[in-house]
Amino acid sequence: VQLVESGGGLVQPGGSLRLSCAASGFTFRSSAMSWARQAPGKGLEWVSGIYSDGSTYYADSIRGRFTISRDNAKNTVYLQMNSLKPEDTARYFCARVVPGSLPDKYDYWGQGTQVTVSS
């Protein structure tokens, strides 16, 4: 299993970024996927999840600003992040959800991509 995130960077408050996660080594189309993040000095925080049927779930902290989506033809999951705030600064990880589990339970995850929101 391999999960490779990309798309992070430095952005000003109020800006946008689109994260991508390319997956391989498992049957992507039938797997639920999530995004999680870890800010400096803090624990891992679940951000959003998407199931194989397209149903989506969001943490309260980002609901209305972030959108998760997937492209099964490309084995890729995305996280569109709008109206970014300094408190969104973190390393963002893509993860496969444990089959049959809630979206904050993972069995595989990538190396992450850094998102920094600062003026």
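## A buried disulfide

C94 has a relative accessibility of 0% and therefore counts as buried, and C21, likewise at 0% relative accessibility, is classed as buried too. In this predicted model, the two cysteines are joined to each other by a disulfide with an S to S distance of 2.1 Å. C21 belongs to strand β3 (residues 17–24) and C94 to strand β9, so the pair ties together parts that are 73 residues apart in sequence.

The structure holds 1 disulfide, and its geometry can be described further: the torsion about the S-S bond of C21 and C94 is about -70°, which means that the disulfide is left-handed.

## Salt bridges and a linked network

Side chains of opposite charge can pair when their charged atoms come close. Searching the whole structure for such pairs gives 6 salt bridges.

One of these salt bridges brings together the side chains of D88 and R37, with an N to O distance of 3.0 Å. Because D88 lies in the loop between β8 (76–81) and β9 (90–97), while R37 is placed in strand β4 (residues 33–38), the pair ties together parts that are 51 residues apart in sequence. Both partners, D88 and R37, are buried. These two residues also take part in a network of salt bridges, in which R37, E45, R65 and D88 are linked.

## A bridge between strands β9 and β10

A salt bridge is also formed where the side chains of D107 and R96 meet, at 2.6 Å from N to O. Here D107 is found in strand β10 (residues 106–109) and R96 in strand β9, so that this pair ties together parts that are 11 residues apart in sequence.

The two partners fall into separate accessibility classes, since D107, at 26% relative accessibility, counts as partly exposed, whereas R96, at 14% relative accessibility, counts as buried; the cut-off that matters for this assignment is that buried means under 20% relative accessible area.

## The D60 and R63 pair

D60 and R63 form a salt bridge as well, and their closest N and O atoms are 2.4 Å apart. Neither partner is assigned to the buried class: D60 has a relative accessibility of 65% and so counts as exposed, while R63, with a relative accessibility of 47%, counts as partly exposed. The boundary that separates these two assignments is 50% relative accessible area, with exposed residues lying over it.

How values were computed:
Residues numbered from 1 in each chain as written. Predicted model: local features only at pLDDT ≥ 70, side-chain atom pairs only at ≥ 80, totals over all residues. Heavy atoms only, no water. Salt bridge = Lys/Arg side-chain N within 4 Å of Asp/Glu carboxyl O. Helix = DSSP H or I, 4+ residues; strand = E, 2+ residues; numbered from the N terminus. Buried < 20%, exposed > 50% of the residue type's maximum accessible area, 1.4 Å probe, protein only. Disulfide = S-S within 2.5 Å.
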